[in-house]
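Let's learn to read a structure together, one feature at a time. Bring your curiosity.

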Number of protein chains: 2
Amino acid sequence: MQFRLTPQRMLILKLLKKDTTHPSAEDVYKVAKKNFPNISFKTVYNTLQVLQDNRLIQELIIDRRKKRYCPDPKPHHHIICTECNKVVDVHLKFNTRLNEKRAEGFKITGSKVTFYGVCPECNMTV
Amino acid sequence: MQFRLTPQRMLILKLLKKDTTHPSAEDVYKVAKKNFPNISFKTVYNTLQVLQDNRLIQELIIDRRKKRYCPDPKPHHHIICTECNKVVDVHLKFNTRLNEKRAEGFKITGSKVTFYGVCPECNMTV
DNA sequence: ATTTAATTTACAATTATTGTAATATGATAA
DNA sequence: TTATCATATTACAATAATTGTAAATTAAAT
Ligand SMILES: [Mn+2]
Ligand SMILES: [Mn+2]
Ligand SMILES: [Zn+2]
Ligand SMILES: [Zn+2]
């Protein structure tokens, strides 16, 4: 697959790369519209998929309600706030090797650690 | 909250407890209908929520497409097949403690390890 | 310049889940 | 027992995120 780095795609990639909040597609769409008022939601989804296919970003399965995107394609872990769904990176290596027997016959390709907790902001407002 | 163990709820709990496939709400609904042909999808969702609130089962955020339910309320980990979304348990303890600094100010309440891989069945069909 | 493939857009459709409100159930009190 | 009252179930509608379709646009390749 040859993929074109169109102005829309260039913008979205640039936006993502400087955003550490792990935005949703809607978040990206809202910001992108400031530069391309006519950009469609579908283009945002398409672009996020293309960038993901090309290992420039990664999609997270961490927020029950919506997909979230991370500008860092390298494997790493996350903490999610159970109150406000804020997501932050954890750049640490954990020893989570599974031996043959415990892998239940699966061919393991990777693993992710997800931490659940309450963020500083949500901790304040009790 | 006082919760009634109605026939519908009793059935759903019983079904779940003997199902190790981490079924979706729809999966549960389909099986439940064999015993209660008039049971509504909403009752299934309500029941799954009630059982979860009462720590009898747990809901997993692991499958992009739908909620999945696990009959074991105790913390444990999972492997998910990236081909067919099959989920199996991993009953092992991993050392994933985060020190104060790495927790980014979050009050950590728990953590989960998710393994990604290809299940034996999907491995066959290549 | 012409052809061709990729991309964007508007818009519709899908899918899982949640909301609403009427009815039914069943526990408790009179 | 019968009346009362909270809880649960159901049918049905609504929501929200995402995906599908197809026409129009863009830009690469010939
Ligand atoms: Mn990240
Ligand atoms: Mn499980
Ligand atoms: Zn928070
Ligand atoms: Zn599989």
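Below, a learner and a teacher talk through helix packing and the surfaces near DNA.

Q: Before we start, what kind of model is this?

A: This is a predicted model.

Q: How are two packed helices described?

A: Two packed helices are described by the angle between their axes and by how far apart those axes are. Here, take helix α2 (residues 25-35) of chain A and helix α3 (residues 41-53) of chain A: their axes come within 10 Å and cross at roughly 120 degrees. That angle makes α2(A) oblique to α3(A).

Q: Which hand does the crossing of α2(A) and α3(A) have?

A: The crossing is right-handed.

Q: Which residues make the contact between α2(A) and α3(A)?

A: From α2(A) come Ala25(A), Glu26(A), Val28(A) and Tyr29(A), and from α3(A) come Phe41(A), Val44(A), Tyr45(A) and Leu48(A). By class, 7 residues of this contact are nonpolar, none is polar and 1 is charged.

Q: Let's turn to the DNA. Which residues are closest to DNA strand D?

A: DNA strand D is surrounded by 18 residues, and the closest are Tyr45(A), Lys67(A), Thr6(B), Arg9(B) and Thr43(B). The surface near this strand has 3 nonpolar, 7 polar and 8 charged residues.

Q: What part of DNA strand D lies within 4 Å of the protein: sugar and phosphate, or bases?

A: Of the strand's atoms within 4 Å of the protein, 71% belong to sugar or phosphate, and the rest belong to bases. Looking at single atoms, a polar side-chain atom of Thr6(B) is 2.4 Å from a phosphate oxygen of strand D, and one of Lys66(A) is 3.2 Å from a phosphate oxygen. Backbone atoms can take part as well: a polar backbone atom of Asn38(B) lies 3.4 Å from a phosphate oxygen of the strand.

Q: Which element gives the most to the surface near DNA strand D?

A: That is α3(B), with 3 residues.

Q: And which residues are closest to DNA strand C?

A: This strand is surrounded by 18 residues, with Arg4(A), Thr6(A), Arg9(A), Tyr45(B) and Lys67(B) the closest. Sugar and phosphate make up 71% of the atoms of DNA strand C that come within 4 Å of the protein. The element that gives the most to the surface near strand C is α3(A), with 3 residues.

Q: What parts of DNA strand C do Thr6(A), Gln8(A) and Arg4(B) approach?

A: Let's take the side chains in turn. A polar atom of Thr6(A) lies 2.4 Å from a phosphate oxygen of DNA strand C. For Gln8(A), the partner is a sugar or linking oxygen at 3.2 Å, and for Arg4(B), a base oxygen at 3.4 Å.

Conventions: Residues numbered from 1 in each chain as written. Chains lettered and ligands numbered in written order. Predicted model: local features only at pLDDT ≥ 70, side-chain atom pairs only at ≥ 80, totals over all residues. Heavy atoms only, no water. Axes fitted to C-alpha atoms, helices over the stretch in contact; angles between N-to-C directions. Helix = DSSP H or I, 4+ residues; strand = E, 2+ residues; numbered from the N terminus. Parallel < 35°, antiparallel > 145°, perpendicular 65-115°, else oblique. Left-handed = near helix turned anticlockwise from the far one by under 90°. Contact = heavy atoms within 4.5 Å. Nonpolar A, V, L, I, M, F, W, Y, C, P; charged D, E, K, R; others polar. Near = heavy atom within 4 Å. Polar contact = N/O pair within 3.5 Å; in protein donor to acceptor, adjacent residues only side chain to side chain.
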